[in-house]
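Open the model in your viewer and keep a selection box ready. We will walk through it stop by stop, picking out a few places and looking at what lies around each of them.

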Amino acid sequence: MDSEGTFDARGTERGPAPRSGPPPHPPSVPRPAGPPSFPPAPGIPALPGHAPTTRPAVTDWLRTPRPAADPGVWRFGHRARPDEEPDEVPARRLFAGALIALLTGWLLWSLLWNGYLGRYWIWPLLVLTPESWRSDPPLWATASYTYYALVGGGLLVFFARLGHVPEIWRRYARRAKKPGTPTARPSQTGPDPAEWPELRAAGLVDAAQTLTEAARAGALGDVDYARIRRAWQGVQARPELLPAFTDTVRRQGAAACGHPSGLRDLPVRTATHDLVTAQVRIGTAADDRRNPYARRTTGVALDPSLLGTSLLAVGPSGCGKSVRLIRPVVESLGLLALANRAAVVAVTAQGALLAPDDAFDLVIAIGRSDSRHDLDLYGGSTDPDEAARMLAEALVGDLAATLPGSDGRRAATALAQLIGPYQSVHGHFPAVPELRELLSGAPAALDALRQALQSQGGRAAAQLRELDARERQSARGGDDIGVLLAERIAFLDRPAFATSFRTDDNSRQFSLKAIEHPLRVRIDLPERGHAEASRIIARLLLAQFTEAALSRSDRSLFAALVLDDATYTVTADSVRAVQRLRSAHAGVVLTLRTLEDVPDPLRGPLLGAVGCRMAFAGLAPWDGGRFAETWGTEWVQTRDVTNRQIISDEPLTKAMHAMRRLVTGKATTAEAITVREVERARWSASDLAHAVPAGHAVLSLANVNGEHTPPLLVDLRT
C-alpha cells in the first residue's frame, strides 16, 4: 500500500481518497460534544430551541461509564433508579413530626435541667468521676459541662432521628443546591478506554500509544474513535489485515481508516450524540405518574438496535417531528456513516432544510436541472422481473386493493413484458418517455421494438413472445392494466423531470444498491408542485430500499431509510417488507400527519410491523384509538374511598359532633378504603389526544433482540 492509500473498516485496502469532494477534515477535530469550530454556512436550518451542551474532553468522554440499561435509556453517565417509588412521608407530616419531636426533646431537657424530674440523671457523672475533682472547682465545672453536653447532644440526636430530621436534610438540601452546579458522574471502573487496552492486549503498543497521544492532544474526535474501533473489529474478524491496520494507524494516527469522503465530522451538530453506544439523545422521560418510576427523569435515546425494528411517528404539522426526531436521527446516522458503521438515505421535500448539503455525500434534487446526480428508476437492477416489481409497487401500490387479484402482480407482469424486450434490444431499460409510449400502446414504438427483436433472430424469441402477450392484453381495452400504468407514469413524464430518471447516463445514476457502502444521501422531492409524482417516487424509494437491504450480501453496515413524510407511501407489500428488515440489519423511519394517510386495512398491520411507535402532541382521537389498541392494557392498583356518616346516641358524642359540624361545615364521617387491581389502557385515546403537553410525545420502543419498553411520555425539549 502506498503512502496515499487508506485502510477500509471492512478490512480491504483502497486507493487514495477522492479529491473531488470537500477537503479532508483538519487534524484537530471538534471534541465530542461541543459547538462547531466555524459558523454554519448559509441555508443551514435553525438550531432547536435549546443550545447544544458543552462537551467534555475526549478522554473524559471516553472514561464516563455507560452501564447496561433498558432499551432507549441514554447510557452516557446513567444512574439507575429504583424500580418502585419509595414510600416517602408527606412534607407536611414530615415537618410537623420533626417540630413536635424537637419540642418534646427541648421540654425533656428543660425538665431535667431545672430538676423537675429529679437528679438521678446526674448519677453517672458522680459515679464516673473521683471525689478529688469536686474539690477543684474549675476541673469539676469542665467535667460537669462536658457531661451536660453529652446528655443534651444525645437527646438532640435521638429526637432528631425520631422526627426524621435527616430525611428532611437529604430531601431538601439537594433542591437548595445552587442551580448550574455540575452533578458528579460515576467513575469508570476497569481498563481506561482512552489508553486503547484492546490494542495493547494484542501487542500493538505503538499504535495504541499513537492514538492515546492523539486523544490527549485533542486531535482524536468521537468519530475518529468510533471509526478506528470499527476497523479494529474488522481486523479481529480477518487477522491477515493486522499489518495493514498497524501501518495505517502508525502513519495517519487519528485520521486512519478514514471515510471515502475524507471527512471526520459533520459541519454542524444540533443534537447530543454518544458514538461509543451509537446513541442520539432525543429527550427526557417526564416525571409523570404514567411513566414507570425507574424511567422518570432519565434520558431517552435512539440507536441502530432500536431503529432496526423501524419507527413510525404520527403527529400534526408543527408538532416537531422533523426538528426533534428526524433531524437528530439523520444527524446520528450521518456520524455513524463517517465512522464506517452505517448508510443513510434521507427523503424530504425540497426546501425542508433537514440538514445542510455539506452533511451528505450525495444530494439528489428530483426535478431540478442543476442536480449533479440522478435517481435510478429501476434501482440498479438488471433483472426485468425484479425491476418491474419495484416499479409496479411505486405506480399502483396504493391502488393494489382495487385491482383484480387485490395486488400488483398483473402490473408487474405488464411492465416486465415491455422493459425486458427493450433491454434486450438497447442494453438498458427504457426511460420514462419511452416507457409511457410502450404502455400506451403507441404503434410506432411497438413496431420499432418488434422489428429490432426480429433482427436478432432466435436469441430474441422469448422476448418476442413477451411482447406478443403484452399486445394481446392491450387489445382488451379498458380491462388492460397498461392503461392505468400509462396514466400513472405520466406523472413522471413532465417537463420538470426531463433531466431525471435517465437510463443512458450511468455516471449520474444513484442506485439504492449502494447502501452496501457508508454513504450519506439526501433525496429532495418536488412536493409542492408535483405532489402525486413525489408520492410515486417515495413509494419507489421504499420498494427499492427494502429490496436492496434484503438482497445485499454484506450486512455489516446498518442501512436506514428516513422518510420525512410517508403520506400515501405505505402499501401492503411495503408493510410485509418492513417486517423482514429486522433480520437484514436495516430499518426505516416513517412520519405521518395522521393515520388517515394510510389505507384503513393497513393501519393496524403497519403499527404491528414497526417496533418503535411515537405519538406526538395534538394527535386526533381516532388516531389515538389505534395507538391505544396497539399498546394494550395493564393491571393497576386502585383505591376506592367510601365515606360513611357516623351517628351516635351518646349525648357527649352528639355534642362533639355538632360542634365539629359547626366549625367545619361537614358531618362527621368514617372512611372505608377498598384496594383492588383493575385492567386499564396504558394510554387511552382521550389521553393521547388531550393529555400530552406541547413539545412532548408518547414513545414505545423495541430492539431487534425482542426487548421492549412500555409507552413513555417524553419531553423532547430537554
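Is Q463 buried, partly exposed or exposed? Select Q463 and turn on a surface: with a relative accessibility of 22%, Q463 counts as partly exposed, because buried is kept for residues under 20%. Please bear in mind throughout that this is a predicted model.

**The whole chain**

Before going further, zoom out. The chain holds 23 helices and 18 strands. Of its 718 residues, 47% are buried. Now think about contacts between residues with a separation of 6 or more: 75% of these join residues 24 or more positions apart.

**Back to Q463**

Zoom in on Q463 again, which sits in helix α16. Show what lies around the residue, skipping anything up to four places away in sequence, and you will find that Q463 touches G420, P421, S424 and L453. Next, draw a distance between the C-alpha atoms of Q463 and Q423: these residues are 40 apart in sequence, and the line should read 9.7 Å. Those neighbours lead us to two helix pairs, both of which involve α16.

**Stop one: α13 and α16**

Select residues 409-426, which form helix α13, together with α16. Their axes come within 9 Å and cross at roughly 140°. The two helices are therefore oblique to each other, as an angle has to be over 145 degrees to count as roughly antiparallel. The crossing of α13 with α16 is left-handed.

Show side chains at this contact. From α13 come A414, A416, Q417, L418, G420, P421 and S424, and they meet Q463, E466, L467, A469, R470 and Q473 of α16. Colour these residues by class and you should count six nonpolar, five polar and two charged.

**Stop two: α15 and α16**

Keep α16 (residues 461-474) on screen and add α15, residues 443-455. Here the axes lie 10 Å apart, and the packing angle is about 160°. That angle makes α15 roughly antiparallel to α16. As α15 passes α16, the crossing is left-handed.

Which residues of α15 and α16 meet? On the α15 side, pick L446, L449, R450, L453 and Q454; on the α16 side, pick Q463, L464, L467, D468 and E471. This contact is made of five nonpolar, two polar and three charged residues. Q463 and L467 of α16 are in this set, and both of them also take part in the contact with α13.

**Stop three: α20 and α21**

Now move along the chain to helix α20 (residues 600-609) and helix α21 (residues 621-631). Their axes are 10 Å apart and the helices pack at about 40°, so α20 and α21 are oblique to each other. This crossing is right-handed. Highlight D600, R603, G604 and L607 in α20, then R626, F627 and T630 in α21, to see who meets whom. By class, the contact has two nonpolar, two polar and three charged residues.

**Stop four: helix α8**

Select residues 222-237 for helix α8 and draw a line between its end C-alpha atoms. Why does the length of α8 make sense? At 1.5 Å a residue, its 16 residues should span 22 Å, and the end C-alpha atoms are 23 Å apart, which agrees.

Then look at how covered this helix is: 12 of the 16 residues in α8 are buried. Among them are Y225, I228, W232 and V235, and the buried set also includes D222, D224, R227 and R230.

**Stop five: two loops and two positive phi angles**

Most residues other than glycine have a negative phi. Select T297 for an exception: its phi is near 65°. T297 lies in the loop between β4 (279-285) and β5 (299-302), and with 43% relative accessibility it counts as partly exposed.

While you are in that loop between β4 and β5, click on D288 as well. D288 counts as buried, at 18% relative accessibility. Beyond its neighbours within four places in sequence, D288 is in contact with R296 and L713.

Finish at F501, in the loop between α17 (481-489) and β10 (509-510). F501 is not a glycine, yet its phi is positive, at about 60°. With a relative accessible area of 1%, F501 is buried.

Note on methods
Residues numbered from 1 in each chain as written. Predicted model: local features only at pLDDT ≥ 70, side-chain atom pairs only at ≥ 80, totals over all residues. Heavy atoms only, no water. Helix = DSSP H or I, 4+ residues; strand = E, 2+ residues; numbered from the N terminus. Expected span 1.5 Å × (residues − 1). Buried < 20%, exposed > 50% of the residue type's maximum accessible area, 1.4 Å probe, protein only. Axes fitted to C-alpha atoms, helices over the stretch in contact; angles between N-to-C directions. Parallel < 35°, antiparallel > 145°, perpendicular 65-115°, else oblique. Left-handed = near helix turned anticlockwise from the far one by under 90°. Contact = heavy atoms within 4.5 Å. Nonpolar A, V, L, I, M, F, W, Y, C, P; charged D, E, K, R; others polar.
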